[in-house]
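Notebook open. I wanted to see what sits inside this one, starting with the cysteines.

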Amino acid sequence: MSSDLGYTLPAKSYAPYPNQSSFLLGEWYWNDGEKKSQSSFQKLLKIVGHPDFRPEDVSANNWRIIDAQLSGERSCKGPTHKEDEWEDDDSRLAGWIKTPIRINVPFHKRTLQPGPQEFDAGFLHHRTLMSVIRERITQPSIHPHLHFEPYELFWQPNGATEPVRVHGELYTSEAFIDAHNKLQDSPPEPGCDLPRVVVGLMFASDGTQLTSFSTAKLWPVYLTIGNESKNRRSKPSCHAFEHVAYLETASNSIC
């Protein structure tokens with residue numbers, strides 16, 4: 001079979017595929033182009049029509065788990081299965097925390113097990129916000145660019161026109177000014193005479209494709225400081241966004 005199809009495979013080299021028939025079918029699906037052509041279809045016919053091809057070897061496969069193993073995605077695991085370790089071995093030294101997530105899912109009263117059922121939803125890899133804020137605002141290269149005293153910004157082209165309020169930065173907004181004034185009017189911490197300022201936290205997140213041969217995704221959560229001008233935050237060279245968490249895709253094992 002290997003010589004006729006152009007493959008030379010040593011024995012037991014098909015993992016995570018359970019057998020040679022499954023491997024050849026999966027290899028055709030992932031590596032023969034995203035858009036299947038007539039020639040690609042002929043290759044498929046050559047694979048499934050070969051005398052050594054065994055349909056029973058592929059009919060019972062759990063292809064979702066195989067694809068998850070190929071991509072490194074967290075797949076369905078039993079309660080005694082040890083979760084894959086965070087890739088960064090020095091994650092604790094870098095301030096990363098691994099927190100298990102368990103959620104209660106309600107079931108209808110007519111189901112076999114009505115009421116809330118607890119499910120394992122994986123892990124949340126995250127950093128404490130205080131550590132990120134402290135690290136960010138104390139950096140000598142960043143601190144001079146942070147605005148801790150909010151103000152109103154107006155534009156007046158000439159003396160004959162009325163000034164127009166300019167909206168564009170978080171620290172010139174009404175919400176930021178109100179929060180700053182409330183903080184100054186509130187009772188201070190006992191024994192503390194340090195200046196009190198408002199730090200604006202802005203979060204962003206978007207799915208990131210991990211591999212080119214599966215649907216495995218990761219959702220990083222970013223944090224940036226609103227006290228810094230958007231002109232600097234928008235420049236990648238300023239490194240204004242900090243990673244604060246990574247969200248896993250919900251497992252299909254919750255069913």
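**Cysteines**

At 16% relative accessibility, Cys238 counts as buried (under 20% relative accessible area, with exposed over 50% and partly exposed in between; 1.4 Å probe, protein chains only). Cys192, at 36%, comes out as partly exposed. I searched the whole structure for disulfides and got 0, a disulfide being a pair of cysteine sulfur atoms within 2.5 Å.

**Ground rules**

I'm working from a predicted model, where local features need pLDDT of at least 70 and side-chain atom pairs count only at pLDDT 80 or more, while totals for chains, interfaces and linings use all residues. Residues are numbered from 1 along each chain as its sequence is written, and side-chain values use heavy atoms, leaving out hydrogens and water.

**Cores**

I looked up the largest nonpolar core (buried Ala, Val, Leu, Ile, Met, Phe, Trp, Tyr and Cys residues joined through side-chain atoms within 4.5 Å). It has 10 residues, among them Tyr14, Trp28, Leu44 and Ile47. Helix 2 (20-31) and helix 3 are the elements that give two or more residues to this core; helices (H or I, at least four residues) and strands (E, at least two) are DSSP runs, numbered from the N terminus. Helix 2 gives the most, 3 residues.

**Helix faces**

Which residues of helix 3 (residues 38-48) are buried? I find Ser40, Leu44 and Ile47. They lie on the same side of helix 3 because they cover an arc of only 60° around the axis (directions from the helix axis to the C-beta atoms).

In helix 6 (residues 129-137), I noted Val132, Ile133 and Arg136 as buried. Their arc is only 95°, which puts them on the same side of helix 6.
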